[in-house]
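These entries record what I looked up about charged side chains. I begin with one pair and then go on to the others.

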Amino acid sequence: MSSAASTTKWDATSLSQSDLMLKDTVLVLSPDDNVIGSATKQTSHEFTPSQPRGILHRAFSVFLFDASTGELLLQKRAGSKITFPNVWTNTCCSHPLHGMDADEVDGPDDVQNGTVPGVKAAAVRKLEHELGIPRGQLPVDRFKFLTRLHYWAADTVTHGNNSPWGEHEIDYVLFVTVPSKDTLTIQPHPDEVGDVRWVTQNQLLDMMEDQSLLFSPWFRIIVQRWMIGKQHGGGGWWDDLDRTIHTQDFCDYHTIHRFDPPPEHMGGGGEAGPLFAESNGRVGGGLDVVSNGMGAKIGDTSKKQGAYGKLKIHKESKLKQLMHIDEVFSAISLIYIHPLKSNLNSDFIRRTFHPNDLEFCDEILCKVSRSFAAVIRQLPPTLLVDVLIFYLVLRALDTVEDDMTYFDSNEEKVKVLLSFHKTALVDPHWTMMGCGEGDERRLLEEFPKCHSVYAALPEKSQRVISDITQRMATGMAEFVDKDLGQGTVDVQQYNRYCHFVAGLVGEGLSRLFSVSGLEHPSLATELYLSDQMGLFLQKTNIIRDYLEDYVDGRAFWPQSVWKKYSATGDLGYFANPTTTEARSAGLNCLNELVTDALELVPDCLSYLSKLRCTEVFRFCAIPQVMAIATLDKCYHNDNVFTGVVKIRKGMSCLLINNTTDVFGVHTIFNKFASKIMKKAESARRSGFHDPSYDRTIQACQTILELTDAEVRNGTSQGSLIKAAIFMASVVAGCLTYKSPMGVSRSSALTTVTLASLGIYSFVRMGFNKFVGSSSSSLLPASKLCGD
């Protein structure tokens, strides 16, 4: 993000349209109208394959009326305008900008109270620039803010089907009246406005019937949908100006009305199709969507809540992923040869739980967390369903907490949260209809099936689940009223939030492990270690999900950390950085938070060392190794600020295969701590100044010291054997090589080598498991059942 630390006086004197496209810096938005960065006007309006609808940014539309006649002032955009030239539209359409002398950046509170001083200041500035209306004739306090409109349109009429230009805006609608147009000074700028005209409703409708006249696509839809009542069968903003200006009857500060353009304005350089008409449901937290002005509800209920699925996911190309041969063969092994064994169909489970209800629970678990489902299924039968239901109950509770539009007030939400353990876990018929989105909503609406399985659990397990649910809900209720748009206040609050949503999960799992008899009763008392393990996982997610959470308006990065680096005092400063300063600041902040998470690793390893059941160990260890791999991916990686960063699927398979014992886990932590340390050292050698460097190195060295002994032991035993196996595979392949007809020698040798690498990968996986198992104190559940 490029946001000016100081303000400037905007001066468009002698600037061409091309100059203004490069000079003006618009406010880049999330779909929910949170400012997440900035971009030049040119960049934001470019429609290309990489950004088919440009970049969503903030705009305003002024509708200026003569109160004595009810006439609206139209303008015809100048022929020299780069986007949508020669079209008739409302009085003035433009953008608030970063760094203006009168601040033009409005926050959520400005919108909710209807003041929007930034947008109004921008309107006064542009009315003077485009129409020559002196600032004193239309003061800021005369403007009435009505609502917001989210639309896009490719300028295909001007530039053809492959138009490189278009609009994609959340538009603030401003109405303003003057006693008489005769009191107004209007001197249009010839490079901005080709013509002006005062019109009545009937005159405007006649103009729109004239096929020789062009109108901006959004203005047509606004007129048809909202402006004139007889166009849509209701009261229109223009029908009673006195009512519109002097009452709140037409003000809607919560809803963002969204609509696609007419078909002729789709396409463009990015070949963009409908944005809001692709499926049914709600968009952006349940905000109203209008398709082509016809009032249809649009959205995608298959998406998860919040900003999930709306941001770019940074992925490596398939070719690059295939270059990691060990990961490819790990994936083959995990899928086809040694998959995680599911114990869900065991005799014990089939006898104990209602089959249809259990089937629903398993199905919905796969929908809300596919990766976690596989790890749960490999648990022993006497523990599997307990953990499965524990997860679903907390996921249902989390869905209630996450829905920002379902409840009329925070008080109502708090009441539901605090009573959840007494309603959802007591009443077999309890449901909640319409809360959440997609599969999370379905979980709440069909919760009686979960209750059926919960009620069949051992009483001790039910008590654990109910207790943790109550305490987590209490913690969630504590944060409901907190404004998290700019993150948590400090590290203490950051840790407290993570404790409620993840640390308590660690405690609950430890207690379930103990009451199952598979782990020692003392594990249930390891509250500090289980809490730290939960914090490690949650902090990793929060670090990775910076942009997703910020776009959602509910972020968790602690202000006491990020404010040290943000030049604007806004958490969004790091989002989509366009300057070296913003990028460096974001990386410094990111690296400090990654380091904070790394300092939890010793306690995580200590917790794992106390486990005795192989299946429980894997259940706990797999998320931990995924977390350390994710931290390595995030460290010093500015992709965190432009989308979602994820580790490769092949890497995930490799980690799962190698997480069978302490040796494998220590090897993984050792590897990634070493990689993070090397990244930190490389950044310093390149001249990057990181205030957290010493702390990062110390955290990594601590991890290396804790894991080196185990890794060296395995390495010394296996290095010669593995090397011999690898070389023998390659030599054997070359000696037996016989070039087939039509295949080049180099291609065939490459194939042989890759095959040898594959053999080596399989042997290495097996050897690692042998080395680990030979010294492991872990035992399978089948050998612990008699304890």
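Entry 1. I looked up the pair Arg-442 and Glu-446 in this predicted model. The two form a salt bridge, and their closest N and O atoms are 2.9 Å apart. I then asked how far each residue is covered. Arg-442 has a relative accessibility of 24% and counts as partly exposed. Glu-446 is also partly exposed, at a relative accessible area of 22%. With buried set at under 20%, I entered Arg-442 as partly exposed because its value is 24%, and Glu-446 likewise because its value is 22%.

Entry 2. Which residues are linked with Arg-442 and Glu-446 in a network of salt bridges? I noted Glu-363, Lys-367 and Lys-449 as the further members of this network.

Entry 3. I turned to Lys-610, which forms a salt bridge with Glu-526; here the closest N and O atoms are 3.9 Å apart. Lys-610 lies in the loop between helix H25 (601–609) and helix H26 (614–634). Glu-526 lies in the loop between helix H20 (491–515) and helix H21 (527–544). The pair therefore ties together parts that are 84 residues apart in sequence. I recorded Lys-610 as partly exposed, with a relative accessible area of 40%. Glu-526 is partly exposed as well, at 24%.

Entry 4. I next examined Asp-24 and Lys-41, whose side chains meet in a salt bridge at 3.2 Å, N to O. This pair links distant parts of the chain, 17 residues apart. Asp-24 is in the loop between helix H1 (17–23) and strand S1 (25–29), while Lys-41 belongs to helix H2 (residues 41–45). Are these two residues buried or exposed? Asp-24 is buried, with a relative accessible area of 3%. Lys-41 is buried too, at 11%. I entered both as buried because the values of 3% for Asp-24 and 11% for Lys-41 fall under the 20% cut-off.

Entry 5. How many salt bridges does a search of the whole structure find? I noted a total of 35.

Entry 6. Finally, I looked for a patch of positive charge on the surface. Lys-315, Lys-318, Lys-646 and Lys-649 gather in one. Of these I followed up Lys-646, which lies in the loop between strand S12 (644–645) and helix H27 (649–658). Lys-646 is partly exposed, with a relative accessible area of 37%. Patch members must have over 30% relative accessible area and no salt bridge, so the 37% of Lys-646 meets the area requirement.

Key: Residues are numbered from 1 along each chain as its sequence is written. This is a predicted model: local features need pLDDT of at least 70, side-chain atom pairs count only at pLDDT 80 or more; totals for chains, interfaces and linings use all residues. Side-chain values use heavy atoms; hydrogens and water are left out. A salt bridge is a side-chain nitrogen of Lys or Arg within 4 Å of a carboxyl oxygen of Asp or Glu. Helices (H or I, at least four residues) and strands (E, at least two) are DSSP runs, numbered from the N terminus. Buried means under 20% relative accessible area, exposed over 50%, partly exposed in between (1.4 Å probe, protein chains only). Patches are made of residues with over 30% relative accessible area and no salt bridge: like charges are joined within 9 Å, nonpolar side chains (Val, Leu, Ile, Met, Phe, Trp, Tyr) within 5 Å. Accessible areas come from the Shrake-Rupley method with a 1.4 Å probe; for residues, only the protein chains shown count as cover. Lys and Arg count as positive and Asp and Glu as negative; His and the chain ends are not counted. The place of a charge is taken as NZ of Lys, CZ of Arg, CG of Asp or CD of Glu.
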